[in-house]
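Here is a walk through one chain, going from its charged pairs to its nonpolar interior. Have the model open and follow along.

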Amino acid sequence: MFESFTLFGADTISFEQVIHLEKNTPNLIIYAIPVMLILTLAEIIYSWRKEINNYPFKETVGSTLVGFGNVGISFIIKLGLMYGAIWLYNLVPWRMELNWWMLIPCYILFDLCSYWSHRISHENRFFWATHIVHHSAENYNLSVSFRLSWVQNVKIFFFLPVFLMGFHPVVIFAVSQASVLFQFWVHTEYIKKMHPIIEYLLATPSNHRVHHGTQEKYLDKNYAATFIFWDRMFGTFQQEEERPEYGLTTKIGNRLNPLFLNFHEYKSMIEDVKKADSLKNKWFYIFASPTAIHHRKLKEQTNS
């Protein structure tokens with residue numbers, strides 16, 4: 001009368017199917033680009049009409065060039081990532097079938113991994129260099145969401161728990177893109193605080209503005225990509241109070257060159273390591289917290 005239901009034990013995926021899966025995995029970001037550009041253009045027009053000047057030309061073009069570069073790189077390496085995902089999927093015996101409802105638990109687990117990947121990217125300079133481009137804009141607007149590092153995929157190992165849980169690769173890739181798209185709308189100053197329940201659960205524009213603030217109390221706060229309750233659980237939540245001051249603690253100005261925006265921190269890191277007078281200090285300038293490095297440099301400038 002009732003058909004048996006088995007959650008685990010799906011068949012393995014042959015590598016001959018990779019091309020088929022890659023082509024049939026929805027390119028949500030590609031499809032969303034026109035909508036994102038239209039909404040960004042609408043915000044640009046609105047800011048101009050209100051004479052807010054929230055979209056400096058060089059910074060905006062720089063964000064756009066970084067964004068298109070990231071999309072191109074992601075498109076190129078997608079096939080390789082699919083091979084890796086299938087290899088891990090075949091490796092575990094608790095493989096799950098391709099079911100739409102698996103998007104929900106996968107998204108929650110993916111978001112938890114995103115929290116820790118993001119947090120470590122702020123607490124370790126080596127990984128900060130893969131993320132700094134996103135924080136280098138000194139104005140907060142929708143185009144900031146385009147600033148995704150060209151080398152951010154080196155942090156994919158932070159998401160190994162998702163792959164090893166046995167979720168189907170198509171589910172993981174769909175969730176990954178949905179997570180990126182969710183983070184688009186939070187990069188605006190025109191959406192103020194929302195209903196308290198929404199503010200308590202989600203990384204709203206108000207919550208994420210804090211994350212981009214350079215005031216001392218805003219530094220290293222609100223890492224969540226979608227669910228802000230991770231920050232509440234792990235002690236990194238900060239409510240938005242006064243308006244954040246955006247950009248890096250050491251400003252770089254309205255830069256246009258996407259190569260500089262992506263890689264200037266590596267140059268600074270190399271220079272700091274060369275100047276360091278001991279192996280311990282060299283290690284510090286590579287792997288210490290960017291905040292700790294900033295404070296040390298300020299102290300050195302004061303004493304010199």
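## A salt bridge between Arg125 and Glu265

In this predicted model, Arg125 and Glu265 join their side chains in a salt bridge, at 2.7 Å from N to O. The two partners come from distant parts of the chain: Arg125 belongs to helix α5 and Glu265 to helix α12 (residues 258-275), with their positions 140 residues apart. Both ends of this pair are out of the solvent's way, since Arg125 is buried and Glu265 is too.

Just along from Arg125, have a look at Ala129, in the loop between α5 (125-128) and α6 (132-135). Ala129 has a relative accessible area of 1%, so it counts as buried. Which residues touch Ala129, once its neighbours within four places in sequence are set aside? They are Asn262, Glu265, Tyr266 and Met269, so Glu265, the salt-bridge partner of Arg125, turns up here again as a contact of Ala129. Tyr266 sits 137 residues from Ala129 in sequence, yet their C-alpha atoms are 6.4 Å apart.

## From one pair to a network

Now move to Asp272 and Lys297, whose side chains also form a salt bridge, again with 2.7 Å from N to O. This one runs from helix α12, which holds Asp272, to helix α14 (residues 290-303), which holds Lys297, and it spans 25 residues of sequence. Asp272 is buried, with a relative accessible area of 10%, while Lys297 is partly exposed at 28%. Through shared salt-bridge partners, Arg125, Glu265, Asp272 and Lys297 end up in one network.

The count for the model comes to 8 salt bridges. One of the others to check is Arg209 with Glu240, where the closest N and O atoms are 2.8 Å apart. Arg209 is in helix α10 (residues 205-211) and Glu240 is in the loop between α11 (229-234) and α12, so this bridge ties together parts 31 residues apart in sequence. Are these two buried or exposed? Arg209 is buried, at 4% relative accessibility, and Glu240 is buried as well, with a relative accessible area of 12%.

## The nonpolar cores

Away from the charges, the largest nonpolar core takes in 35 residues, and Cys106, Val162 and Phe167 have the most contacts inside it. Two or more residues each come from α1 (18-24), α3 (57-91), α4 (103-123), α7 (160-164) and α8 (169-182). Cys106 is a handy place to start: beyond its neighbours within four places in sequence, it touches Val162, Phe167, Val171, Ile172 and Val175.

There's also a second, separate core of 8 residues, including Ile132, Trp150, Ile252 and Leu261. Leu261 shows up again if you click on Gly62, in helix α3: leaving out neighbours within four places, Gly62 is in contact with Arg255, Leu256 and Leu261. Gly62 is buried, with a relative accessible area of 0%. Its C-alpha is 16 Å from that of His187, a residue 125 places away in sequence.

## Inside α8

Helix α8 deserves its own look. Over its 14 residues, the distance from first to last C-alpha is 20 Å, close to the 20 Å expected at 1.5 Å a residue.

Why call α8 largely enclosed by the rest of the structure? Because 10 of its 14 residues are buried. They include a run of nonpolar side chains such as Val170, Val171, Ile172 and Phe173, but Gln177 and Ser179 are on the buried list as well. The cover over these buried residues includes α1, α2 (28-49), α3, α4 and α7.

## A nonpolar patch outside

Finally, turn to the surface. Trp100, Trp101, Leu103, Ile104 and Ile108 make up a nonpolar patch of about 530 Å². Trp100, one of its members, is in the loop between α3 and α4. With a relative accessible area of 65%, Trp100 counts as exposed. Compare that with Cys106, which is among the best-connected residues of the largest nonpolar core.

Methods: Residues numbered from 1 in each chain as written. Predicted model: local features only at pLDDT ≥ 70, side-chain atom pairs only at ≥ 80, totals over all residues. Heavy atoms only, no water. Core = buried A, V, L, I, M, F, W, Y, C linked by side-chain atoms within 4.5 Å. Buried < 20%, exposed > 50% of the residue type's maximum accessible area, 1.4 Å probe, protein only. Helix = DSSP H or I, 4+ residues; strand = E, 2+ residues; numbered from the N terminus. Contact = heavy atoms within 4.5 Å. Expected span 1.5 Å × (residues − 1). Patch = residues over 30% accessible without salt bridge, like charges linked within 9 Å, V, L, I, M, F, W, Y side chains within 5 Å. Areas by Shrake-Rupley, 256 points an atom, 1.4 Å probe, with all protein chains shown as cover. Salt bridge = Lys/Arg side-chain N within 4 Å of Asp/Glu carboxyl O.
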